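This report describes where two ligands sit in a protein and what surrounds each of them. Please look over the sequence and the structure before reading on.

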Amino acid sequence: MGKGKLFVFSAPSGSGKTTIVRHLLQQEALKLDFSISATSRAPRGEEVDGKEYHFLSLEDFKRNIDADKFVEWEEVYANNFYGTLKSELERIWNLGKHVVFDIDVVGGLNIKSQFPKETLAVFVQPPSIEEMERRLRGRQTDAEDKIVERIAKAEEELRFAEKFDVILVNDSLEIAKEEAEQLVSTFIKK
Ligand code: ADP
Ligand code: 5GP
């Protein structure tokens with residue numbers, strides 16, 4: 001395996017990384033494609049199987065682990081597994097595109113350590129935990145217990161920020177989108 005570049009966007013849930021990644025994917029000139037992770041969690045809101053995630057049963061997820069089908073995988077929340085399938089990277093590289101990941105901090109750094117030269121690892125940082133919490137509640141997609149779980153995890157995740165190549169503060173969304181585009185286009189030319 002190996003060809004295009006890899007762009008990892010990691011952040012605590014509610015930082016706005018999905019919003020930023022969606023914006024980047026709309027920029028056709030960048031030739032990016034989204035690495036659709038596999039997860040054992042249930043679809044939420046309007047999520048569609050094969051679009052945001054490959055939704056697998058816990059049993060199927062574990063079968064794929066045993067069959068060595070993942071580049072990386074993790075039990076991000078209790079009984080909620082998430083992972084990047086090797087077949088995803090091959091699919092995107094075969095299209096002649098660069099891979100974009102929206103994955104958690106540990107998974108992101110795992111990708112970086114497996115493909116150090118080809119990967120730009122970006123940590124999307126919320127302006128504050130309070131603002132992150134406001135965004136999570138505003139999104140209205142998670143139950144209260146999930147929000148509390150995500151906030152508790154965020155404090156731990158923020159400590160990983162310095163291990164990333166770049167920290168992108170998502171305060172003004174417009175500025176963050178522009179900075180993200182700039183980072184990606186510069187790294188593609190390297
Ligand atoms: P993540 O993928 O990191 O969990 P999302 O992209 O889903 O986060 O963003 C969480 C919520 O915050 C969404 O409702 C989104 O529209 C909103 N949001 C994202 N960026 C900003 C920003 N810079 N300012 C205000 N709200 C934002
Ligand atoms: P959510 O349930 O909000 O979609 O995602 C929960 C967390 O799992 C987020 O931090 C998300 O980035 C992370 N995640 C999504 N896909 C993957 C993956 O393939 N690998 C890893 N390690 N984490 C992932």
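## Two ligands and their pocket

In this predicted model, a polar backbone atom of Gly83 lies 3.2 Å from an oxygen atom of ligand 2. Two side chains also make polar contacts with ligand 2: a side-chain N or O atom of Tyr53 is 2.5 Å from one of the ligand's oxygen atoms, and a polar side-chain atom of Glu72 is 2.7 Å from a nitrogen atom of the ligand. On its own, ligand 2 would expose 510 Å², and the protein buries 97% of that area.

Around ligand 2 there are 17 residues, and the closest of them are Ser37, Arg41, Tyr53, Glu72 and Tyr82. Sorted by class, this shell is made up of five nonpolar, four polar and eight charged residues. Ligand 2 sits in the largest pocket, and the elements that contribute two or more residues to its shell are E5 and E6. Of these contributions, that of E5 is the greatest, with four residues.

Ligand 1 can be described in the same terms. Its surroundings consist of 13 residues, with Gly14, Thr18, Thr19, Arg139 and Asn170 the closest, and by class the shell holds two nonpolar, seven polar and four charged residues. Among the contacts of ligand 1 is one to the backbone, where an N or O atom of Gly16 lies 3.0 Å from an oxygen atom of the ligand. Side chains take part as well, since a polar side-chain atom of Thr19 is found 2.6 Å from an oxygen atom of ligand 1, and a polar side-chain atom of Arg139 is found 2.9 Å from an oxygen atom of ligand 1. Taken by itself, ligand 1 has 560 Å² of accessible area, of which the protein covers 76%.

The table gathers the polar contacts described for the two ligands.

| Residue and part | Ligand atom | Distance |
|---|---|---|
| Gly16, backbone | oxygen of ligand 1 | 3.0 Å |
| Thr19, side chain | oxygen of ligand 1 | 2.6 Å |
| Arg139, side chain | oxygen of ligand 1 | 2.9 Å |
| Tyr53, side chain | oxygen of ligand 2 | 2.5 Å |
| Glu72, side chain | nitrogen of ligand 2 | 2.7 Å |
| Gly83, backbone | oxygen of ligand 2 | 3.2 Å |

Where does ligand 1 sit? Ligand 1 sits in the largest pocket, and the elements that give two or more residues to its shell are helix H1 (17–25) and helix H5 (129–139). H1 gives the most to this shell, with three residues.

The pocket itself can now be considered. The largest pocket holds about 1,100 Å³ of space, and its lining is formed by 40 residues, of which Thr18, Arg44, Glu47, Tyr53 and Asp102 lie nearest its centre. Two or more lining residues come from each of H1, strand E5 (70–77), strand E6 (80–85), H5 and helix H6 (144–157). H1 supplies the largest share of this lining, namely six residues. By class, the lining has 11 nonpolar, 12 polar and 17 charged residues.

Conventions:
Residues numbered from 1 in each chain as written. Chains lettered and ligands numbered in written order. Predicted model: local features only at pLDDT ≥ 70, side-chain atom pairs only at ≥ 80, totals over all residues. Heavy atoms only, no water. Near = heavy atom within 4 Å. Polar contact = N/O pair within 3.5 Å; in protein donor to acceptor, adjacent residues only side chain to side chain. Areas by Shrake-Rupley, 256 points an atom, 1.4 Å probe, with all protein chains shown as cover. 1 Å grid on protein atoms, 1.4 Å probe; cavity = no way out; pocket = protein on both sides within 12 Å on 5 of 7 lines; lining within 4 Å. Sits in = over half its atoms within 2 Å of the grid points. Nonpolar A, V, L, I, M, F, W, Y, C, P; charged D, E, K, R; others polar. Points joined across faces, edges and corners; volume = space filled by probe spheres on them.
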